[in-house]
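Trainee: Hey, I'm new to this one. Can you walk me through it?
Mentor: Sure, let's put it up and start from there.

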Amino acid sequence: MKEYTTDEKYMREALKQAKKAYNLGEVPIGCVIVHDGRIIGRGYNRRNTDKSTLAHAEISAIKKASRYIGDWRLEDCTIYVTLEPCQMCAGAIVQARIQRCVIGTRSLKAGCAGSILDILGNNEFNHQVEVVNDILPEECSGILKKFFAELRIRNRNEKMAEKSQKATDCL
């Protein structure tokens with residue numbers, strides 16, 4: 001049996017959360033927060049399900065971890081997220097004083113841990129976050145690619161069905 005590093009072990013847990021989002025038809029992003037070798041917060045994307053801009057994986061996991069710790073400060077924690085955080089989530093990670101952020105795959109369109117902006121490492125803030133990139137990148141990007149390929153097919157089929165219905169209605 002293959003031995004996994006600690007970061008790979010917890011990224012696999014974040015991927016389990018991403019699969020929950022995938023099964024809901026949400027963009028499959030998952031997250032876990034670890035403190036003293038124990039997962040204390042889990043989250044997955046639920047924006048469409050909850051009809052909320054704030055329902056990102058990281059925000060959900062931060063809320064749960066804060067509840068577990070009993071404080072908004074998550075200073076000795078590591079956050080594992082399958083996709084590089086957006087500006088909102090990166091800001092929340094800084095505000096929560098999370099020590100490390102381990103990222104599965106980069107987000108070239110919205111990533112704020114170095115791809116577009118570097119909120120996590122910005123020296124102007126009172127807290128910087130250590131960033132580790134590319135942990136299980138094939139698995140983390142693979143579930144996203146599969147989701148968006150299926151979404152394109154679904155959207156194309158729906159458009160074709162609409163056109164067909166309109167043609168039938170005209171008869």
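Mentor: One term before we go: a residue is called buried when its relative accessible area is under 20%, exposed when that area is over 50%, and partly exposed in between. Also keep in mind that this is a predicted model.

Trainee: Okay. Is phenylalanine 147 buried or exposed, then?
Mentor: Phenylalanine 147 has a relative accessible area of 5%, so it counts as buried.

Trainee: And what about phenylalanine 148?
Mentor: That residue is partly exposed, with a relative accessible area of 33%.

Trainee: Let's talk rings. How many aromatic pairs are there?
Mentor: The structure has 3 aromatic pairs. One of them joins tyrosine 10 and tyrosine 80, with 5.4 Å from centre to centre and 40° between the planes, which makes it tilted.

Trainee: Where do those two tyrosines sit?
Mentor: Tyrosine 10 is in helix H1, residues 6-23, and tyrosine 80 is in strand E3, residues 77-83. The pair therefore ties together parts of the chain that are 70 residues apart in sequence.

Trainee: Are they buried or exposed?
Mentor: Tyrosine 10 and tyrosine 80 are both buried.

Trainee: Back to the phenylalanines. What kind of pair do 147 and 148 make?
Mentor: Phenylalanine 147 and phenylalanine 148 pair edge-to-face, at 5.1 Å centre to centre with 80° between the planes. Ring pairs also bring in Tyr22, giving a cluster of Tyr22, Phe147 and Phe148.

Trainee: Switching to charges. How many salt bridges should I look for?
Mentor: There are 8 salt bridges in the structure. Side chains of opposite charge can pair when their charged atoms come close.

Trainee: Which one should I click on to begin with?
Mentor: Try arginine 42 and glutamate 13, whose side chains meet in a salt bridge at 3.4 Å, N to O. That pair links distant parts of the chain, since arginine 42 lies in strand E2 (residues 38-44) and glutamate 13 in helix H1, 29 residues apart. Arginine 42 has 33% relative accessibility, so it counts as partly exposed.

Trainee: Got another?
Mentor: Aspartate 71 and arginine 73 form a salt bridge, and their closest N and O atoms are 3.2 Å apart. Aspartate 71 is partly exposed, with a relative accessible area of 27%, and arginine 73 is partly exposed too, at 35% relative accessibility.

Trainee: What does glutamate 130 form a salt bridge with?
Mentor: Its partner is arginine 100, with the closest N and O atoms 3.5 Å apart. Glutamate 130 is in strand E5 (residues 130-132) and arginine 100 in strand E4 (residues 100-105), so this pair links distant parts of the chain, 30 residues apart.

Trainee: How accessible are those two?
Mentor: Glutamate 130 is partly exposed, with a relative accessible area of 42%, whereas arginine 100 is buried at 17%. Both belong to a network of salt bridges that links Asp7, Arg100 and Glu130.

Trainee: Last topic: pockets. How much space lies in the largest pocket?
Mentor: The largest pocket holds about 590 Å³ of space. It is lined by 23 residues, and the closest to its centre are Ile29, Leu83, Ser107, Ala110 and Leu144.

Trainee: Which helix gives the most to that lining?
Mentor: H5 gives the most, with 4 residues. Helix H3 (57-69) and helix H5 (137-170) each supply at least two residues of the lining.

Trainee: How does the lining divide between nonpolar, polar and charged?
Mentor: The lining of the largest pocket has 11 nonpolar residues, 6 polar and 6 charged.

Note on methods
Residues numbered from 1 in each chain as written. Heavy atoms only, no water. Phe/Tyr/Trp six-rings, centres within 6.5 Å; stacked < 30°, edge-to-face > 60°. Buried < 20%, exposed > 50% of the residue type's maximum accessible area, 1.4 Å probe, protein only. Salt bridge = Lys/Arg side-chain N within 4 Å of Asp/Glu carboxyl O. 1 Å grid on protein atoms, 1.4 Å probe; cavity = no way out; pocket = protein on both sides within 12 Å on 5 of 7 lines; lining within 4 Å. Points joined across faces, edges and corners; volume = space filled by probe spheres on them. Nonpolar A, V, L, I, M, F, W, Y, C, P; charged D, E, K, R; others polar.
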